[in-house]
Amino acid sequence: AAFTHGPALRTLVASFFTTPRGRRPAQFAGIDNYLHLASDEVFWQALRNNLLYAGLTIPLAMGLALTMAIIVNRALAERAFLRMAFFTPTVLPLIAVANIWLFFYQPGFGLIDQVRALFGLPASNILGQNSSALYGIAAVTVWKEAGFFMIFYLAALQTIPPMLIDAARLEGASRWQIFRRITLPLIMPTTLFIGINAVVNAFRMVDHIYQMTGGGPNNASTLLYFYLYQVAFQFWDTAYAATITTVLVAILASVAVVQFVYADRR
């Protein structure tokens, strides 16, 4: 109540007022902030960017996490090393991760362009172009989150009774049939949990954008949470920031409800 519901309610109320400035108190504005939001081109671009960003990072991170979990769940001699290697990006600070990938992306002398030069390819500017900046940020997110999601998938895989797999093999089931008919259904609760966390993470990304692109070029990598940060702490328009927050929470709540309903039916 003190740290979640109370602030959420105050944010909702603040979205119907103006921003207090100096000695001028907040004034009731009705739905003016929401009307301004409806005509805000930067907000709609940030929303489109966020939907594309979520559409890229969520399935890629979850798919990569499940693949890594299946690999390290086998009886391999180097299993402990692989688990550590896959999980290492998760424990790195977000700003450190951003700086590492800034070195990868540096035009001309970054790691990616050094590899490209070996094949005679010209230098690139991934973070400096409208068409590729968001994809560059998405790649960092997938690299960062896949190891974290892998831990949950690995725990789920280890709860599957081996006798089910053995029985399926005796019946002549292929690896794909075992995966599709036994593994996937039994890890569905974990998939739901990871999916909701992945959606929330996709809509609250700000650190990498702040450090790597600043939302540019031309707002090509601006996401909703970063735009919210700009409005609240750079433009100091707290009332409009409260409006964006209310809409963002409504979007996340709607997505979570759809996920729960779909998963329950499955």
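## Overall fold

Helices here are DSSP runs of H or I with at least four residues, numbered from the N terminus. With that in hand, take a look at this predicted model. The protein chain has 13 helices and 0 strands. Walk along the sequence and the pattern reads α-α-α-α-α-α-α-α-α-α-α-α-α.

As for dimensions, the C-alpha atoms of the protein chain fill a box of roughly 75 × 55 × 30 Å, taken along the principal axes.

## H3 against H4

Two packed helices are described by the angle between their axes and the distance between the axes. For helix H3 (residues 41-72) and helix H4 (residues 79-91), the angle is about 160° and the axes sit 9 Å apart. Angles over 145 degrees count as roughly antiparallel, so that is the label for H3 and H4. Their crossing is left-handed.

Who meets whom? On the H3 side we have Met68, Ile71 and Val72, and they meet Arg79, Leu82, Arg83 and Phe86 of H4. By class, the residues of this contact of H3 with H4 come out as 5 nonpolar, no polar and 2 charged.

## H5 against H7

Next up are helix H5 (residues 94-105) and helix H7 (residues 133-157), whose axes come within 11 Å and cross at roughly 130°. That angle makes H5 oblique to H7. The crossing of H5 and H7 is right-handed.

From H5, the contact draws on Leu94, Val97, Trp101 and Tyr105, while H7 supplies Gly136, Ala139, Val140, Trp143 and Lys144. Sort the residues of the contact of H5 with H7 by class and you get 7 nonpolar, 1 polar and 1 charged.

## H8 against H9

Helix H8 (residues 162-170) and helix H9 (residues 175-186) pack at about 165°, and their axes are 11 Å apart. H8 and H9 are therefore roughly antiparallel to each other. This crossing of H8 and H9 is right-handed.

The H8 face of the contact consists of Leu164, Ile165, Ala168 and Arg169, and the H9 face consists of Ile178, Ile182 and Leu186. The class split for the contact of H8 with H9 is 6 nonpolar, no polar and 1 charged.

## The largest pocket

H8 and H9 turn up again at the largest pocket, being the elements that give two or more residues to its lining. The volume of the largest pocket is about 590 Å³. Which residues lie closest to its centre? Of the 17 that line the largest pocket, the answer is Asn73, Ile165, Arg169, Ile178 and Thr183. Some of these names should ring a bell: Ile165 and Arg169 of H8 and Ile178 of H9 are also part of the contact between those helices.

In terms of class, the lining of the largest pocket has 9 nonpolar, 4 polar and 4 charged residues.

## The loop between H11 and H12

One loop deserves a look at its backbone. Pro217 is in the loop between helix H11 (207-212) and helix H12 (224-234). The peptide bond from Gly216 to Pro217 is cis, with omega near -5°.

Asn219 is also found in the loop between H11 and H12. Its phi is near 65°, a positive value in a residue other than glycine. If you're stepping through the chain in a viewer, Pro217, with its cis bond from Gly216, and Asn219, with its positive phi, are the places to pause in this loop.

Note on methods: Residues numbered from 1 in each chain as written. Predicted model: local features only at pLDDT ≥ 70, side-chain atom pairs only at ≥ 80, totals over all residues. Heavy atoms only, no water. Axes fitted to C-alpha atoms, helices over the stretch in contact; angles between N-to-C directions. Parallel < 35°, antiparallel > 145°, perpendicular 65-115°, else oblique. Left-handed = near helix turned anticlockwise from the far one by under 90°. Contact = heavy atoms within 4.5 Å. Nonpolar A, V, L, I, M, F, W, Y, C, P; charged D, E, K, R; others polar. 1 Å grid on protein atoms, 1.4 Å probe; cavity = no way out; pocket = protein on both sides within 12 Å on 5 of 7 lines; lining within 4 Å. Points joined across faces, edges and corners; volume = space filled by probe spheres on them.
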